[in-house]
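Please take me on a walk through this structure in the viewer, telling me at each stop what to select next and what is found there.

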Amino acid sequence: MIETAPADPSQLDAAELMSRDELEALQLTRLQHTLAYAYDRVPLYKRKFDEAGVHPTDLRELADLSKFPYTAKEDLRLEYPFGMFAVPQSEVLRIHASSGTTGRPTVVGYTRNDINIWGSLVARSMRASGVRPGMKVHNAYGYGLFTGGLGAHYGAEALGTTVIPMSGGQTEKQIQLIQDFEPDAIMCTPTYLLALMDAMAHQGIDPRSTSLKVAVCGAEPWTDEMRHELESGMDLDACDIYGLSEVMGPGVAGECVETKDGDHVWEDHFIPEIIDPMDHSTVLPGGQTGELVFTSLTKEALPVIRYRTNDLSSLLPGTARPSMRRMARISGRSDDMIILHGINLFPSQIEALALRIPALSPHFQLELTRTARLDQMTVHIEPRENTTPEDRAAAALALRAQIKSHIGVSCAVDVAEPGSLARSNGKLRRIYDNRPR
């Protein structure tokens, strides 16, 4: 693994150097403006505030934010396509949207100022992760309505790097360009970087021999075990970047290469909260795990007030950026949670356990079935190359035992043939629910 130097403090944004008191004073001013702005310009917010019996003038200190109602993905879907916009169509410079695979897509818009701020925050995140001006950046996030590709692209340009806009897919071409163009950094999902690493090895290319020094990975939860897999397999530093379309896109928070201890939230632009996912009225104190909620402070086209992300995390004190709180690594999404025999589990837990077993690879899927009114889970997972049938049988037994011991559920483990499970060109699907509806 390459030890990338921390950013020069003289190159940090002014907000990264603020004291906590200075930051909170800025947040209060911006939050008071945002609440009034959303109330006056977005009919849904006026209706929700009025129904809750609150008014923007009720916010006198930051703690008063808890008086205001949440926003959920369903609100954006009900206002489809442009009902959440706070500016006239003529001021919307760009529109992005989710895939809409579980219903209507969520549509988000950006003014020119929104685009500029977005680019600056992605640049801040990239710099925190070890990318420096003048580097070449291979961008393998998908371009289009998904915010990842263009968000990363504009951020890389704002940082002063040379962007290679490869987009997702075409793995063989990706590898060829990495060899030919010799980029210093890559931006993609962690599972796609894993797919690239495996594909290089299958082509007889040593993944550790490339020019890549930094990987900025996001768009899906991943574990520290996956980070070790990527860093040791490719001889680079791998850091997380966090965001979601409804809040902005990538760049809401970023991980610092000198600590690699979770994403620092850029709190000059977003206020994070952690709420009890079961009792939504309760805001949890620092260190406790719950659902992550964000309020935007500077967005013009689509301000969001207490947006429920469904991501499960906790808030911790800042380290490399002391005034900014950190998010613990996302443990899963509340809508990705599997309830099996009364026990809650997430794919990230299976990933962490599997990567402790030398014979098993990070490529796995979870299949849910139901027989005789009883739910069953099968873990389909690939072995490492050159493992024997005896190694694979022992690994299956070991993983079953680890899942039973650490999570508390019984399941089946199917060690599949190497290369037989689907690879990711973007966000990877881990759960296949084949239970009858």
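In the hairpin of β18 and β19, which residue takes a positive phi? Select the turn of that hairpin, which has two residues between the strands, and the residue to pick out is A372, with a positive phi near 50°. Before going further, keep in mind that this is a predicted model.

**The strands around the hairpin**

Extend the selection to β18 (360–371) and to strand β19, residues 374–383. These two strands pair in the antiparallel sense, over nine bridges, and a convenient place to inspect the pairing is F364, which stands opposite I381 in β19. Now add strand β21, residues 431–433, which pairs with β18 in the parallel sense over three bridges; here the position to centre on is L368, which stands opposite D433 in β21.

**The largest cavity**

Keep β18 selected and turn to the cavities, of which there are two of 30 Å³ or more. The largest has a volume of about 80 Å³, and to outline it, select T191, L194, P362, H363, F364, Q365, L421, A422, R423, S424, L428 and R430, which line it. The elements that give two or more residues to this lining are α7 and β18, and β18 gives the most, with four residues. F364 thus appears twice on the tour, as a lining residue of the largest cavity and as the residue opposite I381 in β19. Coloured by class, the lining of the largest cavity divides into six nonpolar, four polar and two charged residues.

**Helix α8 and what covers it**

Next, select helix α8, residues 224–234, and display its buried residues, which are M226, R227, E229, L230, E231, G233 and M234. To see what lies over them, show α7 (190–202), β7 (237–244), β8 (249–255), α9 (347–354) and β18 (360–371), which are among the elements covering the buried residues of α8. α7 and β18 are therefore worth leaving on display from the previous stop, since general inspection can continue from there. At the end of the helix, move to D235, which follows α8 and has a positive phi, near 55°.**The open sheet**

Both β7 and β8 belong to the next selection, an open sheet of nine strands in the order β4-β3-β5-β6-β7-β8-β9-β14-β13, with mixed pairing. At the edges stand β4 (162–164) and β13 (315–316), each with a single partner strand, so one side of each is left without a neighbour in the sheet. Go to the β4 edge and add strand β3, residues 136–139, which pairs with β4 in the parallel sense over three bridges. Within that pair, H138 stands opposite I164 in β4.

**Strand β11 and its partners**

Leave the sheet and select strand β11, residues 290–296. Seven of its seven residues are buried, so β11 is largely enclosed by the rest of the structure. Add strand β10, residues 270–275, which pairs with β11 in the antiparallel sense over six bridges, and look for I274, which stands opposite L292 in β11. Then add strand β12, residues 307–313, which runs antiparallel to β11 and is joined to it by four bridges; in this pair F294 stands opposite Y307 in β12.

**The second largest cavity**

Which residues line the second largest cavity? Select Y110, D114, I117, L121, M248, H269, F270, T298 and K299 to outline it; about 50 Å³ of space lies inside. Helix α4, residues 112–128, contributes the largest share of this lining, three residues. By class, the lining of the second largest cavity has five nonpolar, two polar and two charged residues.

**Zooming out**

Finally, select the whole protein chain, whose secondary structure comes to ten helices and 21 strands. The radius of gyration is 22 Å, close to the 22 Å that the globule rule gives for 437 residues, so the chain is as compact as a globular protein of that length. Along its principal axes the C-alpha trace spans about 70 × 55 × 40 Å. If you colour the 437 residues by burial, 56% of them count as buried. For contacts with a separation of 6 or more, residues 24 or more positions apart account for 66%.

Notes: Residues numbered from 1 in each chain as written. Predicted model: local features only at pLDDT ≥ 70, side-chain atom pairs only at ≥ 80, totals over all residues. Heavy atoms only, no water. Buried < 20%, exposed > 50% of the residue type's maximum accessible area, 1.4 Å probe, protein only. Contact = heavy atoms within 4.5 Å. Pairing = 2+ DSSP bridges. 1 Å grid on protein atoms, 1.4 Å probe; cavity = no way out; pocket = protein on both sides within 12 Å on 5 of 7 lines; lining within 4 Å. Points joined across faces, edges and corners; volume = space filled by probe spheres on them. Nonpolar A, V, L, I, M, F, W, Y, C, P; charged D, E, K, R; others polar. Rg over C-alpha atoms; globule rule 2.2 N^0.38 Å.
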